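Q: I would like a close look at a single part of this protein, followed by its surroundings. Please keep the account formal and connected.

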Amino acid sequence: MKYIKLNTTYSLRNESTCSYIIRKNMFVNYDLNNYQRIYPIPPFLGYIFSHIGKMEYSKAIQAVGKTLNVDPNMLAHFLSKIIEESSKSLLFLGKEISFPENLLIQSKQKDNRTYYTVDGFSPMNAYTVCRPHTPISVNFMVTEKCNTNCIYCYAKRDTRQEMSTSEILKVFKDLSDYAIVNLTLTGGDIFARKDWYEIISYSKDAGFGYLISTKTALREADIIKLKQLGIHQLQFSLDSVSPSILRDMINADDGYCDRLKAMFQTCTNQDIKISLRTVLCGQNTNVDSIKTLCDFVDTYNCISNWVITPAFYSENKRDYNHYAVSNEMLKTAFTYLQKRNMRIRPLFNKLNNKGYILQRTKDVGDFVEHNQICYANTYSMSILPSGECTVCEMLYYNKYFVLGNIKEKSVEEIWNSSRALSLYSPAKENMVEDSACSSCLVFDACKKNIAKRVCYVDVMKVHKHPDYPDPKCPQSKVCHYIL
């Protein structure tokens with residue numbers, strides 16, 4: 001029998017006026033046409049994709065067509081355009097609707113998955129993109145402890161009590177019950193907890209699309225445990241392979257580099273892919289250091305992609321000048337990496353042939369059109385080690401952004417709390433008077449849009465209050481930090 005169903009790379013959420021195609025947590029893939037993670041679509045399309053794989057294809061076409069009052073031949077023609085095809089776009093009532101690559105696939109088995117659908121959903125509902133009833137993605141900072149101590153770390157090390165194993169597992173159940181799709185387990189470093197195996201095992205069983213990020217040089221036995229759990233990919237932060245540089249940058253001990261090489265060899269042998277992240281500081285941005293790191297990347301086939309970023313300003317580190325990197329060093333490193341012939345071409349975050357330049361626009365209209373999009377508190381939420389929830393883990397326990405405690409309330413209650421909703425849709429008249437935002441003509445497009453154009457982490461670094469403009473906005477005061 002022939003079935004056409006949703007690719008397991010994706011999940012689906014059906015909200016009252018909008019459905020969402022969600023790419024499950026995965027690493028950047030050079031074969032992808034774009035790196036979009038969430039695709040809003042009209043409810044009738046959400047219904048089609050939820051039901052088309054539930055029975056044999058010819059029967060499904062007839063059944064879905066009858067429900068929607070659509071000619072089955074027209075439905076089949078539409079679906080043929082996106083079955084195992086590259087990304088597509090179409091116009092619907094003047095709005096562009098995008099579909100990711102290989103959204104629908106052919107199969108010999110029907111689709112047995114259950115897709116989250118809110119009460120009141122109907123394929124006939126008018127299409128309006130809305131904030132989902134619960135978050136789609138959650139970043140869970142299970143600990144503030146680390147096995148390293150990075151000089152550039154943005155973390156605010158706090159002495160608050162961390163959740164116990166049983167409390168964390170209870171949170172996982174809550175997240176699963178409310179159909180959170182993607183879970184990122186961070187810290188600190190999850191491997192700094194003695195119960196890391198139990199935490200990862202339970203999160204895997206809960207069915208999340210998840211990502212594990214670490215800087216711990218794992219032992220062979222630990223990697224084999226991960227492989228047995230079905231973990232096929234890790235995100236690893238590696239800034240250098242020089243023992244002296246790593247000693248200065250992350251307080252690594254003398255055996256760290258040897259353990260690192262053994263780990264990457266084991267990952268190669270076990271076919272566990274590693275997504276590499278490198279932060280450029282004054283200590284590791286000379287060409288010799290970059291060259292040896294490139295040699296390392298070329299050596300280990302487990303490394304599937306590599307993202308490089310300059311060290312950002314951290315308000316939680318006392319001496320920014322100790323790790324800050326000059327623009328000339330960044331340009332030299334970028335030029336070398338561009339010319340170097342490598343097995344994997346690195347991707348660059350906020351870095352180009354001019355080094356790092358704060359991307360300030362000429363006017364506010366240009367700003368809301370081109371500034372980076374932030375989905376914090378629109379599609380995603382973060383849980384801190386104490387159980388406090390915030391819109392973004394990089395804001396930590398900042399009083400302006402804490403939404404509630406997951407040990408006391410459900411994720412649904414926290415997500416729909418008055419605090420979360422007021423941050424999602426702030427009132428212009430409530431802005432502090434001396435902020436340019438209080439009289440800005442593009443306020444709604446900047447701070448109230450589904451795809452907000454303001455980064456509150458950067459705002460707080462510069463202004464210490466959320467009512468002020470993003471540092472990249474032309475109405476913000478000049479910022480001399482790398483953000």
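How closely do the axes of helix H4 (residues 165-177) and helix H5 (residues 196-205) come, and at roughly what angle do they cross?

A: The model is predicted. In it, the axes of H4, which spans residues 165-177, and H5, which spans residues 196-205, come within 10 Å and cross at roughly 15 degrees. Angles under 35 degrees count as roughly parallel, and H4 and H5 are therefore roughly parallel to each other. Their crossing is right-handed. On the H4 side the contact involves Thr165, Ile168, Leu169, Phe172 and Lys173, which meet Glu198, Ile199, Tyr202 and Ser203 in H5. By class, the residues of this contact divide into five nonpolar, two polar and two charged.

H5 also has a contact with helix H6. The axes of H5 and H6 (residues 220-228) come within 11 Å and cross at roughly 20 degrees. That makes H5 roughly parallel to H6, and the crossing of these two helices is right-handed. H5 contributes Trp196, Tyr197 and Ile200 to the contact, while H6 contributes Asp222, Lys225 and Leu226. Here the classes are four nonpolar, no polar and two charged residues. H5 thus takes part in two described helix contacts, through residues including Glu198 and Ile199 towards H4 and through residues including Trp196 and Tyr197 towards H6.

The loop that leads from strand S10 (182-186) to H5 contains Gly188. A cis peptide bond joins Gly187 and Gly188, with omega at about 25 degrees.

The sheet comes next. Its 10 strands form an open arrangement with mixed pairing, in the order S15-S14-S13-S12-S11-S10-S9-S16-S17-S18. At the edges are strand S15 (347-348) and strand S18 (402-405), each of which pairs on one side only. S10, the strand before the loop that holds Gly188, stands between S11 and S9 in that order. Strand S11 (residues 209-214) and strand S12 (residues 233-237) run parallel and are joined by two bridges. Within this pair, Thr214 stands opposite Phe236 in S12. Helix H8 (residues 256-270) packs on the sheet, where it touches S12, strand S13 (273-280) and strand S14 (303-310); the direction of H8 makes about 155 degrees with that of S12.

Two loops connected with these elements hold residues with notable backbone angles. Asp271 lies in the loop between H8 and S13 and has a positive phi of about 60 degrees although it is not a glycine. Its relative accessibility is 46%, so Asp271 counts as partly exposed. Lys350 is placed in the loop between S15 and helix H12 (364-370). Lys350 likewise has a positive phi of about 60 degrees without being a glycine. With a relative accessible area of 30%, Lys350 is partly exposed.

On the other side of S9 in the strand order is S16, and Ser380 lies in this strand, which covers residues 380-383. Ser380 counts as partly exposed because its relative accessibility is 23%, and buried would require under 20%. Leaving aside residues up to four places away in sequence, Ser380 touches Pro135, Ser137, Tyr375, Val391 and Trp415. Between Ser380 and Pro469 there are 22 Å in space, C-alpha to C-alpha, and the two are 89 residues apart in sequence.

Two further elements complete the account. Strand S5 (residues 88-92) and strand S6 (residues 95-99) run antiparallel and are joined by five bridges. Lys88 stands opposite Phe99 in S6. S5 and S6 form a hairpin with two residues between them, and Leu93 in the turn has a positive phi of about 50 degrees.

Helix H1 (residues 43-51) has seven of its nine residues buried, so this helix is largely enclosed by the rest of the structure. The buried residues of H1 are Pro43, Leu45, Gly46, Tyr47, Ile48, Phe49 and Ser50.

To return to the part at the centre of the request, H4 and H5 cross at roughly 15 degrees, and H5 and H6 cross at roughly 20 degrees.

Definitions and conventions
Residues are numbered from 1 along each chain as its sequence is written. This is a predicted model: local features need pLDDT of at least 70, side-chain atom pairs count only at pLDDT 80 or more; totals for chains, interfaces and linings use all residues. Side-chain values use heavy atoms; hydrogens and water are left out. Axes are lines fitted to C-alpha atoms, for helices over the stretch in contact, and angles run from 0 to 180 degrees between N-to-C directions. Helices (H or I, at least four residues) and strands (E, at least two) are DSSP runs, numbered from the N terminus. Angles under 35 degrees count as roughly parallel, over 145 as roughly antiparallel, 65 to 115 as roughly perpendicular and the rest as oblique. A crossing is left-handed if the near helix is turned anticlockwise from the far one by less than a right angle, and right-handed if clockwise. Contact means heavy atoms within 4.5 Å. Ala, Val, Leu, Ile, Met, Phe, Trp, Tyr, Cys and Pro count as nonpolar, Asp, Glu, Lys and Arg as charged, and the others, Gly among them, as polar. Two strands pair if DSSP finds at least two bridges between them. Buried means under 20% relative accessible area, exposed over 50%, partly exposed in between (1.4 Å probe, protein chains only).
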